[in-house]
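Grab a viewer and work through a few exercises with the structure below. Try each task yourself before reading its solution.

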Amino acid sequence: MEIVHVYTKLRSEFGRQYLFSDRPTELLVDIPPDPSLAMQFITKTPRDQATQACREMSEHQVNTERFESESRGLNHMEGGWPKDVDPNDMEQTIRFRKKVEKDESYMNSILQLGSVMDHYIRQNNAINIYQDYFTEDQDIDEGQEAPSAKTINVFRDPNEVKRTVTCLSWHPDGGRKLAAAYCCLEFQKSSKDLSPDSYIWDIENPNQPELALKPASPLVCLDYNPKDPHTLVGGSYNGQIVYWDTRRGSQPVELSSVEHSHRDPVYKIIWLQSKTGTDAFSASTDGQVLWWDVRKLNEPTERLVLDPGREGNLDRALGAISLEFEATMPTKFMVGTEQGLVVSCNRKAKTPAEKIVCTYDGHHGPIYALHRNPFFPKNFLTVGDWTARIWSEDIRDSSIMWTRYQMSYLTDACWSPVRPSVFFTTKMDGVLDVWDVLFKQNNPTLSLKVCDEALYSLRVQDNGRFVACGSQIGAATLLEICSGLSTLQKNEKSLLAAMFERETKREKILEARQREMRLKERSRSEQSREDDTGRDADGDESPEQLIARAEEDFYSVVEAERKRREERHREKGVCEEKEVKDEAVIPL
Amino acid sequence: MPTNYAEVEETLRRIQSQKGVQGIVIVNSEGIPIKTTLDNSSTVQYAGLIHQLVMKARSTVRDIDPQNDLTFLRIRSKKNEIMIAPDKDYFLIVIQNPSD
């Protein structure tokens, strides 16, 4: 049903004012609800739901099948020739080329390109755009990096029963090989299964030694010949000297005879500088230093007994534990003894008595290491008991510099061959210390705990970077020292020389003073002895009388002092101003 | 035309005589080396490889801006510099050792 309203107006009524009137509401349409329709709907609890009108998407993961790729190159062959020209036929190709060259477009384009190219070529020749305009300051000031060292390799004793690494020696030619002497130094600890072998290791291969040296008795020390890198000489536990040639295998080439060798283990053996390059000398705790010629090992060429009384008496001889020889001073050498003395000797002396030049009394225990500074041969380093000491040859009484008493025993030391102020020490708690005397004197510059067992030997390679140290269980560790500690710093030599000078002078002054005091004492004691002889004429005084006299002396001295103080007190007591000070002055 | 021919020869000779120039190769649009001062194997290599590179370079320039076109291409390497002047039908390739 359509509801329509029609509005009509007479034309004449247009323009006439509106006359509004009220009338009551009229109900036009009433549509009652139809309950039957309600059946078609279900009432539901209202809830919120968001909807979005967009395309539906979903996420998937796909794994492609394995794709094998290969790198290929392309080889260019001649091509592009038109069908009628055969590229292999020279005549045809030449003819084709000539044809093209005659073509006008060719000529025009080449002329044009030629001028362009010419421009660029000249440009290239005029300026080199890659020229270095600002010369870079090449001196990169290396920042003070903390000193460090890192372990490169550990060479372990391949035998079941572990022995101590008692001595290490670097191959003289480049230092690619390391010879290590293994021996059990503890008295009567060696068992039957103890292998007497010593090994030569290649530093690149820590798994297996390169060569095994098989002497009759374990080696205590070992040295490569600096002139001939194939030969080695070693001193063994039973006192014999053994000579090897690595080209001839593991068995020794020659052995010294038992009667003429040392009677105690040979603790140190060093090659000498000689024309033939076959001389070596060895030291042992039996008190002898023997010289050998390796061509004839049945008898030593020379013998020196380390008797401080200079009589060659073997009973009173000092046991030698370390030797020192510097190739630049071939006539002098030094021996470190078990008793703590360093004996300086001259090889070229006429009589055996003159051979021993002087002694330096330094340590409380055996001197395990003795090494001259390669840059300042007048100064040498000794290590024994709990300190390391630096000595100057001129000062006999004491060392010029020494370290503090360390926590554990020092076993070995050596100077760095590249830096005059750096030396290395090993201790019984497994610590390797690197000392830089110019940097710090109280403490080591770098302290590394290499292993848990005691370290017994130490050797620095000639380049100053690699250090090998051997421990009690037969593990030789190879360490690399950081470049800061293994490169020569500027002014180092002069600074160190100045330091040594200063310390030497100090010691000299102290020594002079000591001597003065001693002289004074002696002269005083001589005088008092004269007086005493007068008194003694009455008879020897008995102990009680001596005691009584000592007591008297003591009391008289105390009385005198007290009287003196009282007088002073009374004097000062008069002036009131000084009373305040008095309180402080009288510390009775 | 013969004079033009002589001019062409003159141009190439002038380029060849410049300081540091090691070789010249002229390649046509199909990759055939027309004229060269290098040995055959090098010529073939240069012709083939550079042809592709110039095509790629040209298409790159034109893709970025269709009004643009490639005028010159220089490849500077450690040992020398390869300069390519492209044209509609031919390329002129010059290998030069830059002044040090």
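The exercises below treat a predicted model, with a task and a stepwise solution in each.

**Exercise 1. Work out the strand order of the open sheet in chain B, and find its edges.**

Step 1. Trace the strands across the sheet: the five of them run in the order β2-β1-β5-β4-β3 (chain B), with antiparallel pairing.

Step 2. Look at the two ends of that order. β2 (33-36) and β3 (73-76) of chain B each have a single partner strand, so one side of each has no neighbour in the sheet.

Step 3. Check the twist. Direction ignored, neighbouring strands here are turned by 15° against each other on average.

Step 4. Zoom in on one pairing. Strand β1 (residues 21-28) of chain B is antiparallel to β2(B), and three bridges join the two. One residue to click on is Val27(B), whose bridge partner in β2(B) is Pro33(B).

**Exercise 2. Find which helices pack on this sheet, and give their directions relative to the strands.**

Step 1. Start with the helix from the other chain. Helix α3 (residues 104-126) of chain A packs on the sheet and touches β1, β2, β3, β4 (81-86) and β5 (90-96) of chain B. The direction of α3(A) makes about 25° with that of β5(B).

Step 2. Now take the helix from chain B. Helix α2 (residues 40-64) of chain B also packs on the sheet, with contacts to β1, β2, β3, β4 and β5 of chain B. Here the angle is about 60°, taken against the direction of β4(B).

**Exercise 3. Describe the interface of chain A and chain B in numbers, then say which element of chain A gives the most to it.**

Step 1. Count the residues: 34 of chain A are in contact with 41 of chain B.

Step 2. Add the area. About 3500 Å² is buried between chain A and chain B, and carbon and sulfur atoms give 60% of that.

Step 3. Turn to the polar side. There are 11 residue pairs in polar contact across the interface, counting pairs with both residues at pLDDT 80 or more. The salt bridge count between the two chains is one: Asp118(A) with Arg14(B), whose closest N and O atoms are 2.9 Å apart.

Step 4. Assign the chain A side to elements. Those giving two or more residues are α2 (90-102) and α3 of chain A, and α3(A) gives the most, with 18 residues.

**Exercise 4. In chain A, analyse the hairpin formed by β18(A) and β19(A), and find a salt bridge that starts from its loop.**

Step 1. Pair the strands. β18 (residues 367-372) and β19 (residues 379-384) of chain A are antiparallel, with five bridges between them. His371(A) stands opposite Leu381(A) in β19(A).

Step 2. Count the turn: six residues lie between the two strands of the hairpin.

Step 3. Pick out Lys378(A), which forms a salt bridge with Asp394(A), the closest N and O atoms being 3.3 Å apart. Lys378(A) is in the loop between β18 and β19 of chain A, while Asp394(A) is in the loop between β20 (387-392) and β21 (401-402) of chain A, 16 residues apart.

Step 4. Put this in context: the count over all chains is 33 salt bridges.

**Exercise 5. Do the same sheet analysis for β14-β15-β16-β17 of chain A.**

Step 1. These four strands form an open sheet in that order, and their pairing is antiparallel.

Step 2. The edge strands are β14 (320-325) and β17 (356-361) of chain A, each pairing on one side only. From one strand to the next, the twist averages 20°.

Step 3. β14(A) pairs with β15 (residues 332-337) of chain A over five bridges. Ser322(A) has Gly336(A) as its bridge partner in β15(A).

**Exercise 6. Decide how far to trust each chain.**

Step 1. Chain B has a mean pLDDT of 87, with 95% of its residues at 70 or more. Among the elements of chain B, helix α1 (residues 2-17) has the lowest mean (83) and β4(B) the highest (92).

Step 2. Chain A averages 82, and 91% of its residues score at least 70. Over residues 583-588 of chain A the pLDDT is below 50, and this stretch has three contacts beyond near neighbours in sequence. Where pLDDT is low, the predicted coordinates should not be read in detail.

Step 3. For the model as a whole, the scores are ipTM 0.79 and pTM 0.56.

Methods:
Residues are numbered from 1 along each chain as its sequence is written. Chains are lettered from A and ligands numbered from 1 in the order in which they are written. This is a predicted model: local features need pLDDT of at least 70, side-chain atom pairs count only at pLDDT 80 or more; totals for chains, interfaces and linings use all residues. Side-chain values use heavy atoms; hydrogens and water are left out. Two strands pair if DSSP finds at least two bridges between them. Axes are lines fitted to C-alpha atoms, for helices over the stretch in contact, and angles run from 0 to 180 degrees between N-to-C directions. Contact means heavy atoms within 4.5 Å. pLDDT is the predictor's confidence in each residue, from 0 to 100. Buried area is the accessible area (1.4 Å probe) that two parts lose on being put together, summed over both. A salt bridge is a side-chain nitrogen of Lys or Arg within 4 Å of a carboxyl oxygen of Asp or Glu. A polar contact is a pair of N or O atoms within 3.5 Å; within protein, one must be able to donate a hydrogen and the other to accept it, and residues adjacent in sequence count only if both atoms are side-chain atoms.
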